[in-house]
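Okay, thanks everyone, I'll keep this short. Have a look at the screen and then I'll walk you through one part of it.

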Amino acid sequence: MSKLTDADAEATETMIWLDFSLSCGYLDTTMHAELTAEYEQVGKMLGSMISAPEKFCSRGRKAVS
(Lines give C-alpha, C1' and ligand atoms only; values in the text may rest on other atoms or scores of the structure.)
Protein backbone atom coordinates (compact mmCIF):
# COMPACT_ATOMS: atom_id res chain seq x y z
CA MET A 1 0.00 0.00 0.00
CA SER A 2 2.84 2.34 0.79
CA LYS A 3 4.28 2.11 -2.71
CA LEU A 4 0.85 2.57 -4.29
CA THR A 5 0.17 5.76 -2.37
CA ASP A 6 3.68 6.99 -3.21
CA ALA A 7 3.06 6.31 -6.90
CA ASP A 8 -0.30 8.09 -6.75
CA ALA A 9 1.30 11.14 -5.14
CA GLU A 10 4.03 11.18 -7.79
CA ALA A 11 1.47 10.99 -10.59
CA THR A 12 -0.46 13.88 -9.05
CA GLU A 13 2.72 15.92 -8.75
CA THR A 14 3.53 15.22 -12.39
CA MET A 15 0.12 16.55 -13.41
CA ILE A 16 0.86 19.77 -11.51
CA TRP A 17 4.16 20.08 -13.39
CA LEU A 18 2.32 19.51 -16.67
CA ASP A 19 0.06 22.47 -15.82
CA PHE A 20 3.11 24.54 -14.93
CA SER A 21 4.82 23.58 -18.19
CA LEU A 22 1.74 24.61 -20.16
CA SER A 23 1.58 27.95 -18.33
CA CYS A 24 5.24 28.64 -19.08
CA GLY A 25 4.93 27.67 -22.73
CA TYR A 26 7.06 24.54 -22.53
CA LEU A 27 4.13 22.42 -23.75
CA ASP A 28 1.46 23.20 -26.30
CA THR A 29 -2.18 22.53 -25.44
CA THR A 30 -2.32 19.35 -27.51
CA MET A 31 0.64 17.73 -25.78
CA HIS A 32 -0.62 18.91 -22.38
CA ALA A 33 -4.03 17.35 -23.03
CA GLU A 34 -2.49 14.05 -24.19
CA LEU A 35 -0.14 13.77 -21.22
CA THR A 36 -2.81 14.83 -18.74
CA ALA A 37 -5.20 12.20 -20.10
CA GLU A 38 -2.51 9.53 -19.70
CA TYR A 39 -1.78 10.55 -16.12
CA GLU A 40 -5.50 10.58 -15.32
CA GLN A 41 -5.63 6.96 -16.48
CA VAL A 42 -2.63 6.12 -14.29
CA GLY A 43 -4.39 7.78 -11.36
CA LYS A 44 -7.55 5.75 -11.98
CA MET A 45 -5.57 2.52 -12.12
CA LEU A 46 -3.69 3.35 -8.93
CA GLY A 47 -6.93 4.38 -7.21
CA SER A 48 -8.46 1.04 -8.15
CA MET A 49 -5.45 -0.80 -6.78
CA ILE A 50 -5.49 1.24 -3.56
CA SER A 51 -9.21 0.62 -2.98
CA ALA A 52 -8.96 -3.14 -3.55
CA PRO A 53 -5.35 -4.24 -2.92
CA GLU A 54 -6.36 -7.86 -2.36
CA LYS A 55 -7.01 -8.19 -6.10
CA PHE A 56 -3.44 -7.24 -6.91
CA CYS A 57 -1.24 -8.90 -4.32
CA SER A 58 -0.15 -12.51 -4.24
CA ARG A 59 0.09 -12.93 -0.48
CA GLY A 60 -2.14 -15.73 0.65
CA ARG A 61 -3.05 -16.93 -2.83
CA LYS A 62 -2.62 -20.56 -3.69
CA ALA A 63 -0.27 -21.41 -6.51
CA VAL A 64 -2.02 -22.36 -9.71
CA SER A 65 -0.72 -25.56 -11.28
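So, helix H1 runs over residues 2-24, and since a helix should rise 1.5 Å a residue, those 23 residues ought to span 33 Å. The end C-alpha atoms are in fact 33 Å apart, so the two values agree. Bear in mind this is a predicted model.

Right after H1 comes Gly25, and its phi is positive, near 85°.

Now, which residues of H1 are buried? They are Leu4, Ala11, Leu18 and Ser21. Part of what covers them is helix H2, residues 29-51.

How do H1 and H2 sit relative to each other? Their axes come within 10 Å and cross at roughly 165°. Anything over 145 counts as roughly antiparallel, so that's what we call this pair. The crossing is left-handed, too.

On the H1 side, the contact includes Leu4, Ala11 and Leu18, along with Asp8 and Asp19. From H2 you get, among others, His32, Leu35, Tyr39, Glu40, Gly43 and Leu46. Sort the contact by class and there are twelve nonpolar residues, six polar and three charged.

Last one: Ser21, which is in H1. Why does Ser21 count as buried? Because its relative accessibility is 17%, and the cut-off for buried is under 20%. And what does Ser21 touch, if you skip its neighbours within four places in sequence? Ser21 is in contact with Tyr26 and Leu27.

That's my bit, thanks.

Definitions and conventions. Residues numbered from 1 in each chain as written. Predicted model: local features only at pLDDT ≥ 70, side-chain atom pairs only at ≥ 80, totals over all residues. Heavy atoms only, no water. Helix = DSSP H or I, 4+ residues; strand = E, 2+ residues; numbered from the N terminus. Expected span 1.5 Å × (residues − 1). Buried < 20%, exposed > 50% of the residue type's maximum accessible area, 1.4 Å probe, protein only. Contact = heavy atoms within 4.5 Å. Axes fitted to C-alpha atoms, helices over the stretch in contact; angles between N-to-C directions. Parallel < 35°, antiparallel > 145°, perpendicular 65-115°, else oblique. Left-handed = near helix turned anticlockwise from the far one by under 90°. Nonpolar A, V, L, I, M, F, W, Y, C, P; charged D, E, K, R; others polar.
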